[in-house]
Amino acid sequence: MGGECGVLVFAEQEDGRIHNVVYELLGKGRDLANKLGKSLCAVLLGHNLDEEAKELIYYGADIVYLFDHPSLKEFDVIKYKHNIVKLVNSVKPDIILVGATRIGRSLAPRVAAALRTGLTADCVDLDLDEEGNLIQIRPAFSGNIMAQIKTRTKPQMATVRYKMMRPLARDPSRKGEIVKVDAEIPEDTGIEILGKVDAGGINISEAEIIVAAGRGLKRPEDLRLLEELASLLGGVVGSSRPLVDAGWISREHQVGFSGNTVKPKVYFAFGISGSPQHLFGMRDSDIIIAVNKDPSAPIIGVSDYYVIGDLYEIIPTLIHDLKKVRSALTHDEE
Ligand SMILES: Cc1cc2nc3c(=O)[nH]c(=O)nc-3n(C[C@H](O)[C@H](O)[C@H](O)COP(=O)(O)OP(=O)(O)OC[C@H]3O[C@@H](n4cnc5c(N)ncnc54)[C@H](O)[C@@H]3O)c2cc1C
């Protein structure tokens, strides 16, 4: 579908890799653009990204505005904002969607301020009212209610949390248009990237198996049990917020409303009660397995399997049994 731009998605990339949230935004954006009867557009800034621009079309974009310049290779909020604002003023989308990622959260408010428009942060769903206005759905009051927000100004802008929406299936036969736009590079943005340091962090949002612990854990050193189990299962350690607040584990492990949203194949919850704020971040996991002493803990109600018992008995037994299975398998192979 060509013509007027209904929805513009910011196609975040880092080191030439499109962030998966972009494909989710294109999935939702496709639906919104169809309802508006307008095009779904994406804006991609970077260097040598022709193949990535095609991917955006395969995932639903009608038009990709590509700003290709060596100095856009790394994210620079001022350069990115400058070019996006120029584009928006020219193509006039009704709606702009940005992933609620580290980069998106830094960029979106600056773009919104420059356009003198509103911005709703951290949406978990989006819809349109009868007049084609964006309804931005996000948790409010500590995640206890879902607020439906309409901004009066246009374009309507939202950042959207990762793992909340479904991407379309990749279709390499999809056709679209890649429009190369000359980038304008502001001279001195005050930002110079000297190098990148790998923080060695985990990316819990992408993990397929998460072994998470909560306040049922008595001592920080007991996290080793979780680490051992996670390593045997090929997973990563997750945590409820109190352990992060106590400094036992870093924030990148936190699952929930003020942490990360996760959708693993298997989510183990050891000694986690299942507060609304925790459930918010993990309830869409394929399989939830809870271990809790208290049969009335809310986590039990959302779990596919549960054990009422003491994590200090159950985790060592699991570790022991998994090691036994593993060594039996290695013997078989020999
Ligand atoms: C604005 C806001 C944002 C928040 N964001 C988040 C967030 O992102 N993520 C988050 O997790 N929380 C968040 N919270 C905090 C949240 O409200 C809860 O306080 C928190 O999730 C509780 O963590 P928990 O389940 O580990 O602890 P608790 O609620 O204390 O539960 C501990 C559980 O362990 C069980 N238990 C105890 N000993 C054992 C044992 N030996 N074996 C087995 N089970 C045992 C108990 O029965 C209990 O169910 C937020 C709160 C607010 C107000």
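1. Let's start with Lys 28 and its neighbours. Leaving aside residues up to four places away in sequence, Lys 28 touches Asp 125, Leu 126, Met 165 and Arg 166. Keep in mind that this is a predicted model. Lys 28 belongs to helix α1, which covers residues 20–36.

2. Is Lys 28 buried or exposed? Its relative accessibility is 16%, and the cut-off for buried is under 20%, so Lys 28 counts as buried. Two of the residues it touches also give it polar partners. The side chain of Lys 28 makes a polar contact with the side chain of Asp 125, at 3.3 Å. In addition, a polar atom of the Lys 28 side chain lies 3.2 Å from the backbone oxygen of Leu 126.

3. Now have a look at the sheet with strand β8 in it. This is an open sheet of three strands, in the order β8-β9-β10, and the pairing is antiparallel. Strands β8 (125–128) and β10 (145–149) each have a single partner strand, so each has one side without a neighbour in the sheet. On average, and ignoring direction, neighbouring strands here are turned by 30° against each other.

4. How do β8 and β9 fit together? Four bridges join β8 to β9 (residues 134–140), and the two run antiparallel. You can find one spot to check by eye: Asp 127 stands opposite Ile 135 in β9. Helix α1 packs on this sheet, where it touches β8 and β9, and its direction makes about 5° with that of β8.

5. Next, the nonpolar interior. The largest nonpolar core has 32 residues, and those with the most contacts inside it are Leu 26, Leu 44, Leu 56, Leu 97 and Leu 126. Several elements give two or more residues to this core, among them β1 (5–10), α1, β4 (39–46), α2 (50–58) and β8. Which element gives the most? That's α1, with seven residues.

6. Leu 97 is a nice residue to click on. Not counting residues up to four places away in sequence, its contacts include Val 7, Phe 10, Leu 25, Leu 32, Leu 126 and Ala 158. There is also a second, separate core, this one of 27 residues, which includes Val 85, Ala 108, Val 111 and Ala 112.

7. A quick word on cysteines. A disulfide is a covalent bond between the sulfur atoms of two cysteines. How many turn up here? A search of the whole structure finds zero. Cys 5 is buried, with a relative accessible area of 5%, and Cys 41 is buried too, at 0%.

8. Further along the chain, check out another open sheet. It has five strands in the order β14-β13-β15-β16-β17, with parallel pairing. Strands β14 (236–239) and β17 (305–308) are at the edges, and each pairs on one side only. From one strand to the next, the twist averages 20°.

9. Zoom in on one pair in that sheet. Four bridges join β13 (residues 209–213) to β14, and these strands run parallel. Ile 210 has Val 236 in β14 as its bridge partner.

10. Last, the helices on this sheet. Helix α5 (residues 223–233) packs on it, touching β13, β14 and β15 (266–270), and its direction makes about 170° with that of β13. Helix α9 (residues 311–333) packs on the sheet as well, touching β15, β16 (287–292) and β17, with its direction at about 140° to that of β15.

Conventions. Residues numbered from 1 in each chain as written. Predicted model: local features only at pLDDT ≥ 70, side-chain atom pairs only at ≥ 80, totals over all residues. Heavy atoms only, no water. Buried < 20%, exposed > 50% of the residue type's maximum accessible area, 1.4 Å probe, protein only. Polar contact = N/O pair within 3.5 Å; in protein donor to acceptor, adjacent residues only side chain to side chain. Contact = heavy atoms within 4.5 Å. Pairing = 2+ DSSP bridges. Axes fitted to C-alpha atoms, helices over the stretch in contact; angles between N-to-C directions. Disulfide = S-S within 2.5 Å. Core = buried A, V, L, I, M, F, W, Y, C linked by side-chain atoms within 4.5 Å.
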